[in-house]
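Visitor: I am new to this structure and would like to learn how to read it. Could you walk me through it, one feature at a time?

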Amino acid sequence: KGLRIRYSVAGNESGPAILFLSPLPQSIRCFEQIWPSLAKKFRLIGLDLPGFGRSEGGHEVMNTEAQSEILDVFVRGFPSGWTRRWHAGCATLRHSS
């Protein structure tokens with residue numbers, strides 16, 4: 001869709017991954033207080049959904065279908081060895097090493 005999407009990756013590269021999505025209508029910065037303690041054990045990936053935080057996007061992406069498509073493209077870009085799981089409506093990732 002040609003949008004610039006803000007994301008951040010940090011933490012323990014060999015640990016299980018946690019994908020943080022920006023809560024509506026905020027950005028991934030809302031996780032700053034817990035990020036350092038989780039980074040010791042987990043691989044952290046934060047994504048500002050289109051139209052939120054520092055990600056581009058206008059009214060054309062402000063619907064669940066467009067947001068889901070963009071999230072799917074983002075997650076499919078992860079290296080092989082990562083599997084996607086869904087829990088309570090939230091995406092989770094697991095790296096099989």
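Visitor: Let me begin with Leu 71: is Leu 71 buried or exposed, and why?

Guide: This is a predicted model, so please read each value as computed from that prediction. Buried means under 20% relative accessible area. Leu 71 has a relative accessible area of 10%, so Leu 71 is buried. You will find Leu 71 in helix H2.

Visitor: Which other residues of H2 are buried?

Guide: Besides Leu 71, the buried residues of H2 are Ala 66, Gln 67, Ile 70, Phe 74 and Val 75. These buried residues lie on the same side of H2, because they cover an arc of only 165° around the axis. On the other side of H2, Glu 65, Val 73 and Arg 76 are exposed.

Visitor: And where does Ser 68 fit in, with its relative accessibility of 46%?

Guide: Ser 68 also lies in helix H2. Exposed means over 50% relative accessible area, and buried means under 20%. Ser 68 has 46% relative accessibility, so Ser 68 counts as partly exposed.

Visitor: How many residues does H2 have, and what caps its N-terminal end?

Guide: H2 has 13 residues. From its first C-alpha to its last, H2 reaches 18 Å, close to the 18 Å expected at 1.5 Å a residue. Asn 63 caps the N-terminal end, with a side-chain oxygen 3.2 Å from the backbone nitrogen of Glu 65.

Visitor: Now the sheet, please. How do strands of a sheet pair?

Guide: In general, strands of a sheet pair through backbone hydrogen bonds, and the pairing is either parallel or antiparallel. Here, an open sheet of three strands has the order S1-S3-S2, and its pairing is mixed. Strand S1 (7-11) and strand S2 (17-21) are the edge strands, each pairing on one side only. On average, neighbouring strands of this sheet are turned by 15° against each other, direction ignored.

Visitor: How many bridges join S2 to strand S3?

Guide: Five bridges join S2 to strand S3 (residues 43-47), and these two run parallel. For one residue to look at, take Leu 21: its bridge partner in S3 is Leu 47.

Visitor: Which strands does helix H2 touch?

Guide: Helix H2 (residues 64-76) packs on the sheet and touches S1, S2 and S3. The direction of H2 makes about 155° with that of S2. We can also return to Leu 71: its C-alpha atom and that of Leu 47 are separated by 8.8 Å, while the two residues are 24 apart along the chain. For Ser 68 and Leu 49, the C-alpha atoms are 9.5 Å apart, and the residues are 19 apart in sequence.

Visitor: What about a residue in a loop, such as Ser 27? Is Ser 27 buried or exposed?

Guide: Ser 27 is in the loop between S2 and helix H1 (35-39). Its relative accessibility is 15%, so Ser 27 counts as buried. Not counting residues up to four places away in sequence, Ser 27 touches Arg 6, Ser 22, Asp 48 and Gly 53.

Visitor: To finish, how many helices and strands does the chain have, and what percentage of its residues is buried?

Guide: The chain has two helices and five strands. Read from the N terminus, these elements run β-β-α-β-α-β-β. Of the 97 residues in the chain, 32% are buried. Among contacts between residues at least 6 apart in sequence, 60% join residues at least 24 apart.

Methods. Residues numbered from 1 in each chain as written. Predicted model: local features only at pLDDT ≥ 70, side-chain atom pairs only at ≥ 80, totals over all residues. Heavy atoms only, no water. Pairing = 2+ DSSP bridges. Helix = DSSP H or I, 4+ residues; strand = E, 2+ residues; numbered from the N terminus. Axes fitted to C-alpha atoms, helices over the stretch in contact; angles between N-to-C directions. Contact = heavy atoms within 4.5 Å. Buried < 20%, exposed > 50% of the residue type's maximum accessible area, 1.4 Å probe, protein only. Expected span 1.5 Å × (residues − 1). Arc of directions from axis to C-beta. Polar contact = N/O pair within 3.5 Å; in protein donor to acceptor, adjacent residues only side chain to side chain.
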